[in-house]
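Work through the exercises below with the structure in view. Try each task before reading its solution.

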Amino acid sequence: MGTYGPAELGDVLHLLYNGARSEKSRAVETYAINSLRYFFKHEVDRVIFYLPQLVQLLRFDTFGLLKQFLVSAALNDVKLAHQLIWCAQTESYKGDDVEESARLTAEGPDALCEACQRLVQEFELRMDERQRRFYDEEFQFFDRINSVTKGIDANLKGEEAGSKQAKDRKKQEAVVLLEELHGNYEEELKAGALYLPASPDMAVVGFRPQKREPAAERGQGAHPARLPG
């Protein structure tokens with residue numbers, strides 16, 4: 001198969017998936033992975049577009065070639081790396097949270113969850129210091145934003161659920177926590193060192209605690225993100 005040109009990315013997905021319904025062919029899978037390598041080198045944004053489907057296909061990765069490609073590509077492209085990890089972390093757990101995932105996993109292992117967890121672990125182990133620093137800053141920043149209301153919800157259990165008083169208090173406490181977070185990341189925000197996960201070409205240069213949204217979300221105060229080369 002080394003004499004053939006690269007398969008189109010849509011066809012690559014079929015090649016990687018169809019093997020799950022018949023006897024796996026290492027030659028076919030190698031051809032599919034070589035096609036991915038070609039597009040990674042020449043049209044990396046197209047590979048990034050297909051990352052959700054590629055992550056799903058890890059459940060059929062009999063020879064480990066897809067995981068090997070994804071980790072290698074992530075180590076050589078920051079934009080792809082973070083989009084891959086966002087996707088893999090989403091698929092790493094069953095249910096809506098870690099606790100529900102643990103309960104469901106106890107009922108039986110999930111091949112995709114386990115494959116995604118292994119992929120993230122291997123990538124994290126192989127990152128160099130600069131990659132690790134940028135990765136930690138980006139993911140910790142949005143983890144903290146997304147978890148702002150969790151502690152507040154726990155404190156409001158004694159109040160009437162859904163009451164205007166509870167909602168107002170939750171909003172006020174969230175604003176205080178977000179303002180504190182904004183101050184902690186002021187240097188990174190001014191430098192454009194963080195970006196929107198849904199739009200990796202756009203940097204986050206601040207956010208509006210009163211509205212609980214990043215400044216770049218609606219294109220106000222946004223500029224191209226400065227991703228490390």
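**Exercise 1. Find out why C87 and C116 form no disulfide.**

Solution. Start with C87: its sulfur lies 9.0 Å from the closest cysteine sulfur, in C116, so the gap is too far for a bond. A disulfide needs a pair of cysteine sulfur atoms within 2.5 Å. Next, take C116. Its closest cysteine sulfur is in C113, at 7.1 Å, again too far for a bond. C116 is also buried (under 20% relative accessible area, with a 1.4 Å probe and protein chains only), at 0%. Finally, search the whole structure: zero disulfides turn up.

This is a predicted model, where local features need pLDDT of at least 70, side-chain atom pairs count only at pLDDT 80 or more, and totals for chains, interfaces and linings use all residues. Residues are numbered from 1 along each chain as its sequence is written, and side-chain values use heavy atoms, without hydrogens and water.

**Exercise 2. Describe the largest nonpolar core.**

Solution. Such a core joins buried Ala, Val, Leu, Ile, Met, Phe, Trp, Tyr and Cys residues through side-chain atoms within 4.5 Å. The largest one has 56 residues. L16, L36, L54, L58 and L66 touch the most other members. Helix 5 (residues 65-76) gives the largest share, eight residues. Helices are DSSP runs (H or I, at least four residues), numbered from the N terminus.

**Exercise 3. Work out how helix 8 packs on helix 9.**

Solution. Locate helix 8 at residues 111-126 and helix 9 at residues 129-146. Their axes, lines fitted to C-alpha atoms over the stretch in contact, are 8 Å apart at an angle of about 125°.

Note on methods
Buried < 20%, exposed > 50% of the residue type's maximum accessible area, 1.4 Å probe, protein only. Helix = DSSP H or I, 4+ residues; strand = E, 2+ residues; numbered from the N terminus. Axes fitted to C-alpha atoms, helices over the stretch in contact; angles between N-to-C directions.
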